[in-house]
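I am opening a notebook page to record what I looked up, entry by entry, in the structure shown below.

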Amino acid sequence: MRMEPGTAVAETTTAGRRAGWRDSDLWYSFSHSPLAIGSATVGLICVLGALGAPWIAPHDPFNVASLSLLDSFKVPLHSWSYPLGTDEQGRDMLSAIMYGGRVSLAVGAASVLFAVVLGVAVGLVAGYAGGPVDAVLMRAADVQLTFPAILMALLVDGVVGAIVPRERHEAVQFYVIVFAIGISRWPQFARTVRGSTLVERGKDYVAAARVIGIGRLRILFGHILPNVLGPVLVIGTLTLGLAILDEATLSFLGVGLPPTEPSLGTLIRIGDDFLFSGQWWVTVFPGVALVLLVLSINLLGDWLRDALNPRLR
Amino acid sequence: MPEAPLPTTAATAPMLEAIGVSRVFDVSRPWLQRVLAREGRLGLRAVDTVSFAIPRASTLSLVGESGCGKSTIARLSVGLLAPSGGEIRFEGQSLSVARAQAALRRRMNMIFQDPFASLNPRWRVRDIVAEPLRAFGLVHGTAERTARVAALLAQVGLAPSDGDRYPHEFSGGQRQRISIARALASEPEFLVCDEPTSALDVSVQAQILNLMRDLQERLGLTFLFISHNLAVVRHMSDRLGVMYLGRIVEIGPAETVFRTPRHPYTRLLLEAIPDLAMVGRARTPVGGEVPSPIDPPSGCAFHPRCKLANARCREEKPEQVAAGDVLVACHAVAEGRA
């Protein structure tokens, strides 16, 4: 029997909790992994540059009034005003990349969010309900897995293009891309969550909740969901990188976002036209930015997977 | 234990009563494989026409080897499983009817075997203990809830500040205390304890058992106590039921069963208890293994391991017969051969 309730260990103050975060395994693993710190730094610079584009970008690439054709195709480092050069309309490449990264990140994050919400919900229901519900949902996921993201996106894009009138096309394009990428990425989340749910639902803390008559939904979302989110975080991070690549691929193929809202993929496609005429920087720099962004996200995801895996500790 | 005289029939009825309860689990292979192999469904009779009654403020213990259906009875008794046959009554009402009413459901709870699995690892202890309070709307407002949780933790020998921590920060014994605090939160009268100490160190087992007995005396709790540990059972029970392969082979007052065991299986079990006075002496080991409940032996399920078995035991299932104040399901006892 614990006789000293007031011992220092038992006290949990605010300061203690903060120190607890500093002491956590995750922080230790992070601070001892140069790869994690490096990729987090690069990733953070990319994300901050992209999110802060309207405030910190040297130029506004969408303000036609500030563009001058006299500035077109400036070589990188030609002047401090255009560190990464300019494209054929005299737009500053650095600013274009920052704005483009913003769009890429928005599409990536939104489609991952969509895939996570759909996949986690399906996985929880399938794993907890079992039986025919489980079978139907999981076969649907299997069918979905046989369609690559690109094929799915082309399909959705084609269908929406036929339904939505042409003048509204550009307005819905963002949602089309998010839906297309999200719908092709949810089965992974559903499968993982279903597996964990099968394990968790058999545990006694679920039985304990059932004994006192807690409802199914509250057991599912209050008890089981917090216990299956660990792997979702890892897959979500890795999928963010893939989703950004999906979007870039789609934009490169011309079914992505409209040129009025260029993402990194759009920039690469536009720059591709000038590759053979010697203006390599118009396509290479957006490409480098894309690689840095996705690579840092993937490396972070890899680290997170290892750090959260108890067997690798 | 003295019972307060209460007028209503619900109060004089046993707390929990099982009448010919059976539970069959479907262990068939998947449908397609079954069709291809041209075989039927396969049932596992985990509990076979079991009857018992637990009077208020008393403890009935069920003992038996692994796989004899003890835990299934525990789960049936709180409605986690539905019986395939027979009926369970809680305070004279059918259990499924009783469980549909929050007021009656509040009065039963369960303590689980593994304190590492029975507490949600992502919940703080105070939320775990407060869950029944919230579920039944027993407290109003944060202040009242905090006070109640603190009182519950104190009742099981934990500090109120322990509520801020997560289950993994506690030892097995402390976690089982948290389980008990949660089980007591809704002020139940009937507690099912499914091997509550088998996952704990021996030194901690006694602490938890004493705590449970102490709480039983103070709060007038009724226990259904499941265990495979006879020493623990002796410490706890008023009545004792011995189970073998889904059936109760002997049931009666605990001291009588311990002192004068009638069923050959009970005798074997009691002989296997380690005992200081017996050190160095030869013992009869419990021969053989528990047969598979999927394909139980004919007649008395215990006959392949029983020295007293004869032709009748191999063919006819023994019914429970009264031997003194104990009920025994054994032909040898009924015929006076044992």
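The entries below take up cavities, a surface patch, backbone angles, a helix and salt bridges in turn.

**Entry 1, cavities.** I note before anything else that I am working with a predicted model. I began with enclosed space, since rolling a probe the size of a water molecule over the atoms shows where empty space is left. With a threshold of 30 Å³ or more, I find 6 cavities. The largest cavity has a volume of about 80 Å³, and its lining consists of B:Tyr244, B:Arg247, B:Val249, B:Gly299, B:Cys300, B:Ala301, B:Phe302, B:Lys317, B:Pro318 and B:Ala329. Sorting that lining by class, I get 7 nonpolar residues, 1 polar residue and 2 charged residues.

For the second largest cavity I record a volume of about 60 Å³. Its lining includes the histidines B:His263, B:His303 and B:His331 and the cysteines B:Cys300, B:Cys306, B:Cys313 and B:Cys330. Here the classes come to 8 nonpolar and 3 polar residues, with no charged residue. B:Cys300, B:Phe302 and B:Pro318 appear in both linings.

**Entry 2, a nonpolar patch on chain A.** Which residues make the nonpolar surface patch of about 650 Å²? I list A:Val42, A:Leu275, A:Phe276, A:Trp280, A:Val284, A:Val288 and A:Leu292. Helix H12 of chain A, residues 281-308, gives the most to this patch, with 3 residues. A:Val288 lies in that helix, and I class A:Val288 as partly exposed because its relative accessibility is 39%, which falls between the 20% and 50% limits.

**Entry 3, positive phi in chain B.** I then looked up backbone angles in residues other than glycine, where B:Thr49 has a positive phi near 35° and B:Ala57 has one near 55°. B:Thr49 belongs to strand S2 of chain B, residues 43-54, whereas B:Ala57 sits in the loop between S2 and strand S3 (59-63). Are these two residues buried or exposed? B:Thr49 is partly exposed at 44% relative accessibility, while B:Ala57, with a relative accessible area of 15%, is buried.

**Entry 4, helix H3 of chain B.** This helix spans residues 70-77 and is mostly covered, with 6 of its 8 residues buried. The buried residues are B:Lys70, B:Thr72, B:Ile73, B:Ala74, B:Leu76 and B:Ser77. After the helix comes B:Gly79, for which I note a positive phi near 85°.

**Entry 5, salt bridges.** Over all chains I count 31 salt bridges. In chain A, I looked at A:Arg305 and A:Asp306, whose closest N and O atoms are 3.8 Å apart; A:Arg305 is partly exposed at 40% relative accessible area, and A:Asp306 is partly exposed at 37%.

In chain B, B:Glu91 pairs with B:Arg56, with the closest N and O atoms 2.4 Å apart. B:Glu91 lies in the loop between strands S4 and S5 and B:Arg56 in the loop between S2 and S3, so this pair ties together parts that are 35 residues apart in sequence. Both B:Glu91 and B:Arg56 are buried.

A further salt bridge joins B:Asp164 to B:Arg126, at 2.3 Å between the closest N and O atoms. Because B:Asp164 is in the loop between helices H7 and H8 and B:Arg126 is in helix H6, the pair ties together parts 38 residues apart in sequence. B:Arg126 is partly exposed, with a relative accessible area of 33%. Lastly, I record one network of salt bridges with shared partners, which joins B:Arg45, B:Asp48, B:Arg247 and B:Lys317.

Conventions. Residues are numbered from 1 along each chain as its sequence is written. Chains are lettered from A and ligands numbered from 1 in the order in which they are written. This is a predicted model: local features need pLDDT of at least 70, side-chain atom pairs count only at pLDDT 80 or more; totals for chains, interfaces and linings use all residues. Side-chain values use heavy atoms; hydrogens and water are left out. On a 1 Å grid over the protein atoms alone, a cavity is a set of points where a 1.4 Å probe fits but cannot get out, and a pocket is an open set with protein on both sides within 12 Å along at least five of seven lines; lining residues have an atom within 4 Å of a point. Grid points are joined across faces, edges and corners, and a volume is the space filled by probe spheres set on the points. Ala, Val, Leu, Ile, Met, Phe, Trp, Tyr, Cys and Pro count as nonpolar, Asp, Glu, Lys and Arg as charged, and the others, Gly among them, as polar. Patches are made of residues with over 30% relative accessible area and no salt bridge: like charges are joined within 9 Å, nonpolar side chains (Val, Leu, Ile, Met, Phe, Trp, Tyr) within 5 Å. Accessible areas come from the Shrake-Rupley method with a 1.4 Å probe; for residues, only the protein chains shown count as cover. A salt bridge is a side-chain nitrogen of Lys or Arg within 4 Å of a carboxyl oxygen of Asp or Glu. Helices (H or I, at least four residues) and strands (E, at least two) are DSSP runs, numbered from the N terminus. Buried means under 20% relative accessible area, exposed over 50%, partly exposed in between (1.4 Å probe, protein chains only).
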